[in-house]
Amino acid sequence: MKKIISTLLILSLLTTASAAQLQAASSTPTVSSTQAEETYSDWSLIAAARSDKLSPADCSRYYDDIAALVKSKSGVLHKTRSTEYSRVILALAAIERDPTNVGGYNLLEPLADFDFVVKQGLNGAVWALTALDSRIFDIPLMETKNQTTRARLIDYILSRQNDDGSFAGSSGSEVDYTAMTLQALANYTARADVAEAVENAVGYLSKAQNKDGGFSSRWGESSETTSQVIIALCTLGISPDDARFIKDRSLIDNLNSYKVSGGYAHNVGGKADGLATEQAELALCAAERLEAGKTALYDYSDLADSTPLGLSGKSADVNVPAKIGAVTFPDLYNGYTNSSISENALASDVLAIEALAARGIINGFDDGCFHPADNLTRAEFAAIIVRALGLPKTAKLTFTDVDPDSWAADYIAAAHSYKLINGVGGSSYDPDGTITREEAAAIAARAAKLCGLSTSRTSTQITKILSKHVDASLASDWAREPLAFCCDIGLIDELRPTEKITRAEAAAIIYKLLGTAKLR
């Protein structure tokens with residue numbers, strides 16, 4: 001059995017790896033377990049976990065050691081390197097441990113500070129995005145900081161692409177940086193600008209490949225560079241044996257040329273090197289997973305509990321209130337992210353939009369934008385609430401003004417069957433009509449009741465809660481109780497009951513509801 005170790009704060013000791021690799025990894029142990037004979041670093045732990053080679057005892061030892069280390073450092077793994085947090089988050093998530101409560105500290109919080117993340121330039125942004133997407137983690141809201149969002153990370157990364165398609169660190173075109181960047185961008189090729197950037201970067205890597213299957217750099221050829229390219233291609237779903245990457249030898253052939261007794265060497269003819277061996281293990285694991293049709297190396301959605309750990313400090317199946325059996329946690333995927341969502345939305349709303357998009361609860365438009373300030377239609381809100389609760393779409397449509405063949409028909413029928421929505425009179429629903437904030441509050445309260453929350457308030461409580469708002473008198477009589485409920489549990493901060501709700505505001509309400517009901 002291997003010893004479980006963590007590898008923090010030792011970058012200055014690595015003299016043979018490229019600058020990008022030095023920033024991304026470290027290889028001298030600071031935490032060790034005396035209960036085992038060999039060693040796992042953070043990176044090799046990930047490779048072992050993704051290859052199903054770790055025992056529960058291995059995972060527990062690693063977590064206990066990390067928790068002790070984090071606690072001893074008062075939660076500060078490094079003052080300038082965000083990649084220290086990203087790497088540990090990737091390792092903890094790979095063994096299904098919650099990075100939001102490690103020794104009493106939330107390791108996601110440093111990544112919520114955009115200025116801190118990009119102190120390491122491209123490398124910081126790349127690994128932060130990779131870590132956050134490994135289990136679709138919600139980014140903590142840090143109102144006193146320059147808030148990180150996925151859209152900001154992506155835009156920052158794209159700004160660092162060179163004309164030849166490469167991505168660079170401090171200067172110049174670097175294969176290592178390009179490969180690691182592709183690993184982070186792979187989830188977002190639905191964005192046209194990302195898809196173009198990825199295509200150009202893959203083209204650059206193909207052109208940069210030497211006849212022996214490897215790559216040159218200012219430090220010469222190395223196995224780590226080949227490993228990173230293999231991981232990048234596999235993350236994109238491209239085989240290492242793709243014709244674009246077979247010269248006189250293939251990528252795998254080139255990597256095998258570095259294999260020596262005890263692992264992999266940094267240079268051909270060299271001795272076994274810890275970092276080189278770790279990166280080769282990751283590359284081979286990535287290739288094996290692609291060949292087997294499994295999720296990518298850093299896509300952990302295949303784990304037993306595929307809900308993202310750490311949302312509100314708990315996994316979705318812990319302490320869920322009593323609810324009707326139809327309410328389920330939405331399926332996950334790395335979803336829609338576009339910089340347009342930040343144009344007219346608060347930072348907290350942007351985080352809500354990104355989190356719901358990652359669950360397929362909300363979508364953007366055909367133009368690739370979300371339009372957060374636009375109003376929401378009654379059909380759109382019905383669809384969002386049905387997706388948010390994971391309700392089955394099997395009910396019969398009863399509204400005569402809804403086209404049975406329209407995209408929203410099944411959602412409207414489902415929402416009506418669970419008494420989440422009402423019509424506008426007779427047998428009409430007015431699907432294209434806009435929805436007001438008080439109407440949205442009423443639907444949110446009904447959804448909360450389905451989730452097992454107590455939504456009733458006495459007349460005295462209603463009056464007391466609403467009296468804090470100067471526009472309370474504008475609320476319809478039927479909306480006063482649901483508005484009071486939504487205010488009471490923090491779903492809304494302002495009433496503005498008769499105003500039309502925006503897409504961003506609706507996302508924020510639903511996101512907070514899922515958190516209160518412990519469904520996220």
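This report describes the fold, cores, salt bridges and cysteines of a predicted protein model.

## Overall architecture

The secondary structure of the protein consists of 19 helices and four strands. The protein has 520 residues, of which 57% count as buried. Its accessible surface amounts to about 20,900 Å², and carbon and sulfur atoms account for 48% of that area.

Contacts across the sequence are also informative. When contacts between residues at least 6 apart in sequence are considered, 72% of them join residues at least 24 apart.

## Nonpolar cores

In soluble globular proteins, nonpolar side chains tend to be buried together. The largest nonpolar core of this model has 89 residues, and Leu-107 and Tyr-298 are the members that touch the most others. Beyond its neighbours within four places in sequence, Leu-107 is in contact with a set of residues that includes Val-70, Leu-77, Tyr-85, Val-88, Ile-89 and Leu-92. Pro-99, Thr-100 and Val-102 are also among the contacts of Leu-107.

A second core, separate from the largest one, contains 65 residues. Among them are Leu-391, Cys-451, Leu-491 and Ala-517.

## A buried threonine in helix H8

Helix H8 spans residues 175–185 and contains Thr-178. Thr-178 has a relative accessible area of 0% and is therefore buried. Apart from neighbours within four places in sequence, Thr-178 contacts Gly-165, Ser-166 and Phe-167, as well as Ala-201, Tyr-204 and Leu-205.

## Salt bridges within helices

The whole structure contains 14 salt bridges. One of them joins Asp-58 and Arg-61, whose closest N and O atoms are 3.0 Å apart. Both residues belong to helix H3 (residues 56–72), where they are three residues apart, about one turn of the helix. Both partners are buried: Asp-58 has a relative accessible area of 4%, and Arg-61 has a relative accessibility of 11%.

A second pair within a helix is formed by Arg-87 and Glu-84, with an N to O distance of 2.9 Å. Because these residues are three apart in helix H4 (residues 83–94), about one helical turn separates them. An α-helix has 3.6 residues a turn, so residues three or four places apart point the same way. Arg-87 is buried at 1% relative accessibility, and Glu-84 is buried at 0%.

## Salt bridges beyond a single helix

Asp-302 and Arg-289 form a further salt bridge, in which the closest N and O atoms are 2.9 Å apart. Asp-302 lies in the loop between helix H12 (274–291) and helix H13 (347–357), whereas Arg-289 lies in helix H12, so the pair ties together parts that are 13 residues apart in sequence. The partners differ in burial: Asp-302 is partly exposed, with a relative accessibility of 38%, while Arg-289 is buried, with a relative accessible area of 5%.

Salt bridges also link several residues into a network. Its members are Arg-437, Glu-494, Arg-496, Glu-499 and Glu-505.

## Helix H18 and its cover

Helix H18 comprises residues 480–488, and its buried residues are Pro-482, Leu-483, Ala-484, Phe-485, Cys-486 and Cys-487. Helix H16 (437–450) and helix H17 (459–466) are included in what covers these buried residues. After H18 comes Gly-490, which has a positive phi, near 85 degrees.

Ala-442 is located in helix H16 and is buried, with a relative accessibility of 5%. Not counting residues up to four places away in sequence, Ala-442 touches Trp-478 and Pro-482. Ala-442 and Ala-484 are 42 residues apart in sequence, and their C-alpha atoms are 10.0 Å apart in space.

## Cysteines

How many disulfides does the structure hold? The structure holds zero disulfides. Cys-486 is accordingly in no disulfide, and the nearest cysteine sulfur, that of Cys-487, is 7.1 Å away. A disulfide requires two cysteine sulfur atoms within 2.5 Å, so a separation of 7.1 Å does not qualify.

Cys-486 is buried at 0% relative accessibility. Another buried cysteine is Cys-59, with a relative accessible area of 11%.

Note on methods:
Residues are numbered from 1 along each chain as its sequence is written. This is a predicted model: local features need pLDDT of at least 70, side-chain atom pairs count only at pLDDT 80 or more; totals for chains, interfaces and linings use all residues. Side-chain values use heavy atoms; hydrogens and water are left out. Buried means under 20% relative accessible area, exposed over 50%, partly exposed in between (1.4 Å probe, protein chains only). Helices (H or I, at least four residues) and strands (E, at least two) are DSSP runs, numbered from the N terminus. Contact means heavy atoms within 4.5 Å. Accessible areas come from the Shrake-Rupley method with a 1.4 Å probe; for residues, only the protein chains shown count as cover. A nonpolar core is a set of buried Ala, Val, Leu, Ile, Met, Phe, Trp, Tyr and Cys residues joined through side-chain atoms within 4.5 Å. A salt bridge is a side-chain nitrogen of Lys or Arg within 4 Å of a carboxyl oxygen of Asp or Glu.
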